[in-house]
Amino acid sequence: MTREQELVDRLKSRFPAVDARVQRRQRVIVSVARELVPAVLLWLKQAGYHQLTLISCVDWIEDGQFELVYHVAAHASGIHVMVKARIDRENPVMESIIPIYVPAQPYEREIHEFFGVDFPGNPDLAPLYLDDWHDLPPLRRDFDTKAYSQRRYDYEQ
């Protein structure tokens, strides 16, 4: 049995509701309900996955959801785990994981700014990049870049 499969088996034993699988060598994908994200990440950290390398967001506009993807790694094993959770697109809220991984702060802040996801527990969700922004978050798939530019810069055809 591979180290990746051992990790999947341990995760499924501890969290029967997770969908975990080996994607390839040194890559495990775990899909969970949003409520389980903190518990799964805490368990992974205690299991040696100390490095939060990224949090990304995918806009599944057709499904009315965002998918948050937490990338964690263990240097000892070289295994990269992607913990995925879907949240409602109309009311995008996910508990902050700063108490587990302090480096989550800027990632959550960036996702808040570009997708509009709220992270209760994050003490600073102020904009990182966008000055004086009063429109739909720009990385949402329903953001119309052309219409925004025409409004913002008084573009005439």
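The following exercises, each with a worked solution, concern a predicted model of a protein structure.

**Exercise 1. The helix H1**

Determine whether the length of H1 agrees with its number of residues, and establish where its buried residues lie around the axis.

Solution.
- Step 1. H1 has 12 residues, and at 1.5 Å a residue they should span 16 Å.
- Step 2. The end C-alpha atoms of H1 are 17 Å apart, which agrees with that expectation.
- Step 3. The buried residues in H1 are Glu 4, Leu 7, Val 8 and Leu 11.
- Step 4. Viewed down the axis of H1, these buried residues fall within an arc of 100°, so they line one face of the helix.
- Step 5. A general rule helps here: an α-helix has 3.6 residues a turn, so residues three or four places apart point the same way.
- Step 6. The cover over the buried residues of H1 includes E1, E2, H2 and E5.

**Exercise 2. The nonpolar core**

Identify the residues with the most contacts inside the largest nonpolar core, and state which elements each supply at least two residues to the core.

Solution.
- Step 1. The largest nonpolar core has 41 residues.
- Step 2. Those with the most contacts inside this core are Leu 41, Leu 44, Tyr 70 and Val 81.
- Step 3. At least two residues of the core come from each of helix H1 (3-14), E2, helix H2 (37-46), strand E3 (51-60), E4, strand E5 (79-88) and H3.
- Step 4. Take Leu 41 as an example: leaving aside neighbours within four places in sequence, Leu 41 is in contact with Tyr 70, Val 72, Val 83, Ile 97, Ile 100 and Tyr 101.
- Step 5. In soluble globular proteins, nonpolar side chains tend to be buried together.

**Exercise 3. The surroundings of His 71**

Decide whether His 71 is buried or exposed, and describe what surrounds this residue.

Solution.
- Step 1. His 71 belongs to strand E4 (residues 65-74).
- Step 2. The relative accessible area of His 71 is 11%. Buried means under 20%, so His 71 is buried.
- Step 3. The side chains of His 71 and Ser 56 are joined by a polar contact of 3.3 Å.
- Step 4. Leaving aside neighbours within four places in sequence, the residues in contact with His 71 are Gln 51, Leu 52, Thr 53, Leu 54, Ser 56, His 80, Val 81 and Met 82.

**Exercise 4. Salt bridges**

State how many salt bridges the whole structure holds, then examine the pairs Glu 62 with Arg 141, Glu 67 with Arg 86, and Arg 140 with Asp 142.

Solution.
- Step 1. A search of the whole structure finds nine salt bridges.
- Step 2. One of them joins Glu 62 and Arg 141, with the closest N and O atoms 2.7 Å apart. Glu 62 is in the loop between E3 and E4, and Arg 141 is in the loop between H3 and H4, so the pair ties together parts 79 residues apart in sequence.
- Step 3. Glu 62 is exposed, at 57% relative accessible area, whereas Arg 141 is partly exposed, at 46%.
- Step 4. Glu 67 and Arg 86 also meet through their side chains in a salt bridge (3.8 Å, N to O). This pair links distant parts of the chain, with Glu 67 in strand E4 and Arg 86 in strand E5, 19 residues apart.
- Step 5. Glu 67 counts as buried at 11% relative accessibility, while Arg 86 is partly exposed at 30%.
- Step 6. A salt bridge also joins the side chains of Arg 140 and Asp 142 (3.8 Å, N to O). Salt bridges that share partners join Asp 59, Arg 89, Arg 140 and Asp 142 into one network.
- Step 7. Within this network, Arg 140 is buried, with a relative accessible area of 11%, and Asp 142 is partly exposed, with 38%.

**Exercise 5. Positive phi values**

Locate Gln 26 and Asp 132, and give the phi value and exposure of each.

Solution.
- Step 1. Gln 26 lies in the loop between strand E1 (19-24) and strand E2 (27-31). Its phi is near 65°, a positive value in a residue other than glycine.
- Step 2. Gln 26 is partly exposed, with a relative accessible area of 26%.
- Step 3. Asp 132 is found in the loop between helix H3 (104-115) and helix H4 (145-152). The phi of Asp 132 is near 50°, a positive value in a residue other than glycine.
- Step 4. Asp 132 is exposed, with a relative accessible area of 53%.

Notes. Residues numbered from 1 in each chain as written. Predicted model: local features only at pLDDT ≥ 70, side-chain atom pairs only at ≥ 80, totals over all residues. Heavy atoms only, no water. Helix = DSSP H or I, 4+ residues; strand = E, 2+ residues; numbered from the N terminus. Buried < 20%, exposed > 50% of the residue type's maximum accessible area, 1.4 Å probe, protein only. Polar contact = N/O pair within 3.5 Å; in protein donor to acceptor, adjacent residues only side chain to side chain. Contact = heavy atoms within 4.5 Å. Core = buried A, V, L, I, M, F, W, Y, C linked by side-chain atoms within 4.5 Å. Salt bridge = Lys/Arg side-chain N within 4 Å of Asp/Glu carboxyl O. Expected span 1.5 Å × (residues − 1). Arc of directions from axis to C-beta.
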